[in-house]
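Q: Please take a close look at a single part of this model, and then explain how the rest of the chain is put together around such details. I am in my first year, so please explain each term as you use it.

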Amino acid sequence: MSYLKLLEVLDHNSMNGLSNLLKKEFPTFFENINHGDFQKWSCVVNELPSVSSSTIDLNKGNIVIGKKSDCSNSERKLIKKQLKQLMPWRKGPYSLFGIYINSEWRSDMKWIRLQDDIKPLKNKLVLDVGCGNGYYGWRMLGREAKYVVGIDPSLLFYNQFSAIKKYTSNCNIDFIPWGIDELPDAELCFDTVFSMGVIYHRRDPIEHLKKLAKCLKTSGEIIIESLVIDSHNLDVLIPKERYAKMKNVWAIPSLKLLIKWADSAGLKNIRIINTAKTTLREQRVTEWMQYESLANFLCQFDRKKTIEGYPAPVRSILIAEKP
Ligand SMILES: C[S@@+](CC[C@H](N)C(=O)[O-])C[C@H]1O[C@@H](n2cnc3c(N)ncnc32)[C@H](O)[C@@H]1O
């Protein structure tokens, strides 16, 4: 994947801290990846047939790229076969040349919960930290963002993104397969920074928020989505081992504590715009994600609890600004 357009945008917007690091790291980054499946996934993407998409609609629940009539039956069969080799598809849905990728998560439901409360994205530079396979980045482009940069350390998600991007190559969106710790220490100046579903995976949530704030310009907006617990106090749930079978869930805050973390990180105009219980409609097993899902993570006898006996997943969205 070429990052030339991204480098130009970063340089043009005085984000040389990031562009210089990319220029230094990227010539050898992909060659040095030491992950058993990376080569296999890259080949899957490379072997996707070249087809031009006559339509792109980024404002529907499913990201629509291309029509069924854009390719032959054999090309569509091959595309589907290749995409299936990139399973599990956790975020979506997507519709590619009429192939409906019914992902584990109905990611569109989260987007609906926040779309009317965020500042307009038109002509904005957006960073999405922990972007999954990039689903929300496409929705941000649908809102006419000038450029979207997603970062996520998952190499599978990087390849899923690359497969979609192959059919939309002119779109102003890129995916850097890095975790947030790989971002430079330099101040960046994105207009809006999203970080959804990441903070409870971080050992130091306030540092996470400070690092995100460093990526924002003054008065820029930050959108944080997190699992939360139901408490009016400054409480936190620290799972003993797993939470809803997830590893690496370090701390699930109450809303009051989440707001306090944002305040401690120096953010202002902090508000919670939505709180919603995760339902079996939003997260479930599908043809494209055949492992366990929410139904298996909840207690069989009491759906209000996880299998470990913790409160079942509830998620909130916090919005704030950089002073
Ligand atoms: C629960 S998923 C959320 C994905 C997407 N943002 C969403 O809201 O649906 C968490 C994502 O964070 C990514 N992640 C984990 N550690 C990270 C880190 N240190 N920096 C950036 N992303 C990270 C994971 O790979 C995963 O894709």
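**A loop with cis peptide bonds, and the chain around it**

A: Pro-88 lies in the loop between helix H4 (73-84) and strand E3 (94-96), where helices (H or I, at least four residues) and strands (E, at least two) are DSSP runs numbered from the N terminus. This is a predicted model, in which local features need pLDDT of at least 70 and side-chain atom pairs count only at pLDDT 80 or more, while totals for chains, interfaces and linings use all residues. Residues are numbered from 1 along each chain as its sequence is written, and side-chain values use heavy atoms, with hydrogens and water left out.

In this loop, the peptide bond that joins Met-87 to Pro-88 is cis, with omega about 5°. Pro-93 also has its place in the loop between H4 and E3, and the bond leading to Pro-93 from Gly-92 is cis, with omega near 10°.

Other backbone details stand out elsewhere in the chain. Ala-244, in the loop between strand E10 (236-237) and strand E11 (252-253), has a phi near 50°, which is a positive value in a residue other than glycine. Ala-244 counts as buried because its relative accessibility is 4%, where buried means under 20% relative accessible area, exposed over 50%, and partly exposed in between (1.4 Å probe, protein chains only). Asn-269 is not a glycine either, yet has a positive phi of about 50°; this residue lies in strand E12 (residues 268-277) and, at 43% relative accessibility, counts as partly exposed.

Now to the chain as a whole, which has 10 helices and 13 strands. The radius of gyration is 20 Å, close to the 20 Å that the globule rule gives for 323 residues, so the chain is as compact as a globular protein of that length; this radius is taken over C-alpha atoms, and the rule is 2.2 Å times the number of residues to the power 0.38. Along the principal axes, the C-alpha atoms fill a box of roughly 60 × 50 × 40 Å. Of the 323 residues, 54% are buried. Among contacts (heavy atoms within 4.5 Å) between residues at least 6 apart in sequence, 71% join residues at least 24 apart.

Some individual residues show what such long-range links look like. Leu-18 is found in helix H2 and is buried, at 1% relative accessibility. The C-alpha atom of Leu-18 is separated by 9.1 Å from that of Glu-187, although these residues are 169 apart along the chain. Leaving aside neighbours within four places in sequence, Leu-18 is in contact with Leu-10, Trp-178, Leu-183, Pro-184, Leu-188 and Phe-190. Met-1, by contrast, is partly exposed, with a relative accessible area of 43%, and is found in the segment before helix H1 (4-12). The C-alpha atoms of Met-1 and Lys-166 are separated by 9.3 Å, with their positions 165 residues apart along the chain. Not counting residues up to four places away in sequence, Met-1 touches Tyr-158, Phe-161, Ser-162, Lys-165 and Asp-174.

Aromatic rings form another kind of link, and the structure holds 20 aromatic pairs. Rings of Phe, Tyr and Trp (its six-membered ring) pair if their centres lie within 6.5 Å, and planes under 30 degrees apart count as stacked, over 60 as edge-to-face and the rest as tilted. Phe-26 and Trp-178 have ring centres 5.5 Å apart and planes at 70°, so this pair is edge-to-face. The pair links distant parts of the chain, since Phe-26 is in helix H2 (residues 16-29) and Trp-178 is in the loop between strand E7 (173-176) and strand E8 (190-196), 152 residues apart. Phe-26 is buried at 12% relative accessibility, and Trp-178 is buried with a relative accessible area of 3%. These two residues belong to one aromatic cluster, whose members also include Tyr-3, Phe-38 and Trp-138.

Helix H8 (residues 205-214) gives a last view of packing, with Pro-205, His-208, Leu-209, Lys-211, Leu-212 and Ala-213 as its buried residues. These pack against strand E5 (125-129), E8, strand E9 (216-227) and helix H9 (255-264).
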